[in-house]
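Trainee: Got a minute to go through the cavities in this one with me? I'd like to start with the runner-up.

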Amino acid sequence: MTSDTPARRRARVFSRRRSAPSRARRRLGAAVRMIAALALAGGVYTAFTPGAFAEDNVQLSAAAQEGKALFDNSCISCHGRDGQGVEERGPSLIGVGSASVEFQVSTGRMPMTRQEAQAEQKTPQFDETQTKQLAQYIQELGGGPELPEGELVEDLKTNPDALARGGELFRINCTSCHGFGGGGGALSSGKFAPSLHDATQEQIYAAMLTGPQNMPVFGDNQLTPDEKREIITYITVQLQDDRDPGGLFNLGRYGPSTEGMAIFLVGIVLLVFTSLWIAGKS
Amino acid sequence: MTAVHHAGEAGTPPVDVNDPHLTRFDIVKEGLRRDDIEIVTYESQFHGQNSKAEKRVVRNIALLFAISGVLTLAFIVFYIVWPWEFELGHTRSDYFTPILGLTLGFGLLALGYGILAWAKKLLPHELSIQQRHGDPSSDEERLITGQTALFVADELGVQRRPLLKGAIALGLAPVGIAIAAPIVGGLIENPHKGDLPMMYTTGFNPGNNGGELVRLTREDGSPIRPEDVTTGGQMTVFPGIPHGATNHWADSPTLLIHLRADDAAETRRNAESDKNGRNVGSMWGNFVAFSKICTHAGCPASLYEQQTNRLLCPCHQSQFLITNNAQPVFGPATRRLPMLPLTVDEEGFFVAASDFKDTVGPDFWERP
Amino acid sequence: MKRRKIDLAQAPVNFAKGADDRFQGATPLRGLLNKVFPDHWSFLLGEIALFSFIVLLLSGVFLTLFFDPSMKEIAYDGSYLGLRGTEMSAAYASSLHLSFEVRGGLFMRQMHHWAALLFMASIIVHMARVFFTGAFRKPREVNWVIGILLFLLGFFAGFTGYSLPDDGLSGTGLRIASAIMLTLPVIGTWLSAAIFGGEFPGELIIGRFYIAHVLLIPGILLGLIAAHLGIVFKQKHTQWPGPMRTNENVVGERMFPRYAMKQGGFFMAVFGVIALMAGLFQINPIWLFGPYRASEVSSASQPDFYVMFMDGLVRLMPNWQIYIFNYSLPPMFWPAVVGLGALFTLPLAYPWLEARKLKDKRLHHLLERPRDNPERVGIGMMAFSFFMVATISGSNDVIADKFHISLNAMTWAGRIGLLILPPLAYYISVRICLGLQQHDRQVLAHGVETGIIKRLPNGQFIEVHQPLGPVDEHGHPVPLEYAGWVVPKKMNRVGALAPAVKGFFFPVEKPAEVPVSPAVGGPVKREEIKSGR
């Protein structure tokens with residue numbers, strides 16, 4: 001017990017995720033994935049491109065062609081031709097990556113209806129395939145962060161520790177803006193961190209990877225893909241799906257502000273009516 | 001006395017309580033008379049005994065008591081049989097607390113309303129008047145008590161014996177202080193003691209690391225390379241000393257920010273032209289590190305807005321502009337966030353070139 | 001001699017005789033049984049606080065059986081998967097254990113917390129009642145002072161209790177408390193170091209708060225509550241003015257049986273409401289907050305509602321720092337130390353201030369309706385609106401987020417509101433009071449509006465008024481004296497029209513009672529009194 005200091009124990013808890021996969025292996029994996037992706041893109045390209053010349057100097061896949069059509073229809077007014085950006089209206093999309101597009105479009109933030117402090121979440125204008133096509137187009141245009149293949153959450157049956165680790169990472173990296181309960185919070189001058197209660201796994205992953213709007217970027221060197229998956233596990237399993245054990249109503253998990261309202265609106269009101277009845281003439 | 005009407009004097013005459021003809025209520029009334037209480041009305045709420053209305057009320061009260069019994073019994077049953085151990089997800093055990101609350105709550109409410117209905121509907125209507133007797137003691141009484149108190153003082157004779165007076169002041173005063181001293185003295189801790197006074201130093205002081213520069217680490221103690229933080233990213237870092245990430249070093253958590261190139265240039269410009277020169281040369285590349293501990297009340301000011309480059313403190317909404325030496329731009333904070341001088345050691349890990357040059361954390365009286 | 005047979009019927013009598021031989025209790029007991037209490041719904045608000053305090057004691061004792069006030073770091077290995085393996089203090093781990101591994105423990109924890117909120121909320125409501133009706137006047141100033149001390153102690157009891165689980169939210173609160181201590185001139189750093197046993201947070205504070213929360217503060221609370229009730233008992237309760245009611249008597253019900261039964265039933269109702277809330281509404285889900293780490297914080301970090309006014313004032317304070325040579329006075333000193341001090345000392349002194357202003361040295365046992373002292377109502381509303389703006393500002397980030405208002409705008413709205421709303425509230429409430437009073441006086445002078453319009457021979461239309469009292473030889477009502485009590489304003493209230501239909505949801509057959517007013521009641525007919533049965 002004496003040699004087993006808390007720090008050391010904590011280090012052990014963390015060391016597992018730090019050591020595996022090692023940096024070298026991660027790099028190797030990235031290289032392999034890159035080559036595979038290139039090969040795949042090339043294959044798709046040769047399979048689908050007809051003999052005709054592409055209009056632009058960038059060679060686009062079929063999906064990206066569809067995406068470009070959508071882009072030219074809905075996004076070009078702010079983000080400009082080929083996503084180069086328009087001064088004072090919309091930023092360049094070169095290098096933002098497909099992850100960013102998937103986040104912004106699937107949450108309905110893009111296309112924006114008007115310029116304001118922060119893009120609002122709305123009903124998405126594009127369906128899933130359209131979103132993927134747009135993302136593919138932007139990806140092929142300038143590269144950038146992409147969502148990984150495969151599951152974005154850990155399986156708690158095989159890896160039960162992932163939940164607590166995800167919680168720990170969530171509290172140090174995410175709660176300051178999104179709150180302990182994931183209900184979101186206010187930022188300066190009308191900006192805000194949105195609620196995470198209806199965010200999908202892909203959206204959370206993409207948001208961490210790309211840092212939409214005022215959210216900081218959590219690159220893969222800072223939070224490894226495994227750590228991101230752990231955070232997503234915590235958000236989806238603990239904050240979204242777990243029913244609160246403490247009552248039928250969780251008062252929005254807003255903490256003391258709603259609790260204070262409840263004690264007056266329910267407790268005091270019930271008891272004042274009771275005392276009115278007690279002292280009333282029968 | 002005054003013109004106040006006193007039931008005991010002007011009201012019903014006293015009765016002989018031993019008179020066998022008196023009813024119990026007559027005796028009660030005699031007691032009331034002696035307590036200066038007059039019953040003005042005291043009548044049943046129902047016309048005649050066992051009236052229909054009365055029976056209905058009795059039935060309702062009995063029903064409330066029965067409901068209370070059933071619900072509290074249900075409380076006991078659910079307490080014993082309902083699965084209660086916490087399980088993840090949407091499970092039956094999530095309803096354990098609500099069931100306990102609903103059964104016990106409504107059970108007690110039914111009991112309470114039953115008792116209240118009994119008192120309110122069944123017991124006779126009553127209107128009694130009691131005299132307050134709030135008059136102060138008579139002047140004579142006051143005089144006697146006062147003189148008695150003075151007499152006690154005279155007996156002690158402190159006035160006549162000045163030596164004793166001095167002895168009380170000088171000889172006995174230390175006794176009181178002696179009782180208080182260990183209580184107060186045991187609590188006193190010098191906040192300014194030691195080579196590294198706690199109010200002015202943090203875990204990044206090389207003195208805590210055997211004179212070596214302190215590395216910036218993650219919460220698990222792993223050091224950080226510049227490429228670990230993406231552009232537009234931020235990371236909470238801790239001093240790379242034993243227990244550096246624990247609450248023992250509560251003043252040390254720091255926010256390492258990787259700024260975009262243009263923001264970094266502006267930040268650098270402002271840091272280099274810092275008035276008191278403390279932030280000069282503290283940036284490393286496009287990286288800048290600020291204490292995470294708000295200079296207002298000590299909350300972690302960590303709501304980093306990567307586009308506006310503001311840091312917001314969630315406790316009292318102070319806002320700091322990172323590009324301008326983290327000067328406060330809104331809210332109750334007066335002092336900028338201290339900047340941690342950054343550099344990179346020979347292995348390529350971030351280290352603190354020195355401790356913070358401004359005092360970290362909330363303001364206090366002696367802060368220079 | 002043969003032993004006498006025990007007469008069972010005689011046993012209680014013998015017991016009572018024996019007791020009186022030894023304690024001479026018969027006469028005082030009769031006084032207690034016969035004590036008269038006035039009856040009004042607003043007199044029951046303080047009881048809510050008393051009863052929730054009893055619930056607090058009961059549930060609190062249960063919690064101490066499982067809580068471990070230690071800041072030793074351990075790894076959690078309980079059933080809550082989301083924290084398993086996490087390093088935390090033993091205090092936090094035992095709070096989780098209490099919530100998840102003790103059958104009904106979470107329910108008890110939530111009852112304790114809701115009872116605490118109800119305790120503070122009912123103190124506020126009770127205090128407002130006492131203030132606005134002038135019940136604090138001589139001879140009850142001391143009890144008013146005790147009441148404010150009870151609020152202050154409740155404030156500290158609540159804060160220490162909120163800190164005990166050592167979770168992420170309460171640790172943030174502790175940090176702010178330490179920062180508030182640091183703002184004190186000269187002694188700030190020494191005070192903070194003394195309380196935390198060194199630098200924040202140290203390893204002692206939970207243990208120290210624990211003993212304060214379970215022994216010191218409840219001990220003093222208990223003593224003050226006893227004194228509070230004892231003084232009410234000794235001085236007898238205030239009553240509203242009305243027929244037969246004078247400054248020298250109490251009109252109401254005897255304590256037993258009806259009044260005591262109502263109290264018992266009300267206790268059960270308070271207990272029931274607390275249990276219901278503990279089951280329905282989740283409060284303080286510490287498992288989501290994680291253990292306290294100095295580097296972690298959540299958006300929307302707030303104290304419980306009764307501390308929120310202070311947090312709100314701290315949020316609204318502009319960043320004005322005072323430098324005196326090499327020393328500095330941080331801006332938080334003003335709202336947190338001076339503000340809190342003023343918010344307690346001003347009400348503390350108010351009874352004497354008001355008496356001094358009115359040159360009033362009489363004893364008051366009759367309450368004043370709020371409208372009969374507009375000045376006091378104005379001051380009360382001023383304080384209340386100040387408190388409300390400060391409290392709302394204490395959660396201005398939640399409001400900003402949920403209603404999509406700029407956070408900075410909320411802060412500015414609070415700053416401006418804090419300055420503008422109190423005087424506005426003063427003016428409006430004084431005008432309303434004067435208006436209501438005026439209307440009462442009008443009815444006393446001219447009578448009740450009948451709704452009958454009469455046309456005079458010269459063509460003029462007038463409304464016929466029903467005089468409340470006698471009329472002079474010209475048929476004009478003789479003005480009645482203003483007595484500070486309810487004046488009938490509708491014809492059916494004086495019995496001239498069909499009574500108003502009673503009943504909340506459906507009409508009750510019984511006709512409405514004819515109200516009595518000192519102005520119209522006249523000499524009350526007193527009948528021969530018989531037993532109620």
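Trainee: So how much space lies in the second largest cavity?

Mentor: About 280 Å³. Keep in mind that this is a predicted model.

Trainee: And which residues are closest to its centre?

Mentor: A:Arg253, A:Tyr254 and A:Gly255 from one chain, plus C:Ser299 and C:Ala300 from another. The second largest cavity is lined by 31 residues.

Trainee: Okay, which helices and strands supply at least two residues each there?

Mentor: Chain A brings in β1 (185–186) and α11 (256–279), while chain C brings in α11 (286–289) and α15 (396–402).

Trainee: Which of them gives the most?

Mentor: That's α15(C), with four residues.

Trainee: How does that lining divide by class?

Mentor: You get 15 polar, 11 nonpolar and five charged residues.

Trainee: Switching over, what's the volume of the largest cavity?

Mentor: About 510 Å³. Its lining has 36 residues, and the ones closest to the centre are A:His178, A:Ala193, A:Pro194, A:Ala207 and A:Met215.

Trainee: Which elements of chain A each supply at least two residues to that lining?

Mentor: Four helices and a strand: α7 (161–173), α8 (175–178), α9 (201–210) and α10 (225–241), along with β2 (192–193). The top contributor is α9(A), with four residues.

Trainee: And the classes for the largest cavity's lining?

Mentor: There it's 21 nonpolar, 12 polar and three charged.

Trainee: Last one: how many cavities of 30 Å³ or more does the structure hold?

Mentor: It holds 13.

How values were computed. Residues are numbered from 1 along each chain as its sequence is written. Chains are lettered from A and ligands numbered from 1 in the order in which they are written. This is a predicted model: local features need pLDDT of at least 70, side-chain atom pairs count only at pLDDT 80 or more; totals for chains, interfaces and linings use all residues. Side-chain values use heavy atoms; hydrogens and water are left out. On a 1 Å grid over the protein atoms alone, a cavity is a set of points where a 1.4 Å probe fits but cannot get out, and a pocket is an open set with protein on both sides within 12 Å along at least five of seven lines; lining residues have an atom within 4 Å of a point. Grid points are joined across faces, edges and corners, and a volume is the space filled by probe spheres set on the points. Ala, Val, Leu, Ile, Met, Phe, Trp, Tyr, Cys and Pro count as nonpolar, Asp, Glu, Lys and Arg as charged, and the others, Gly among them, as polar.
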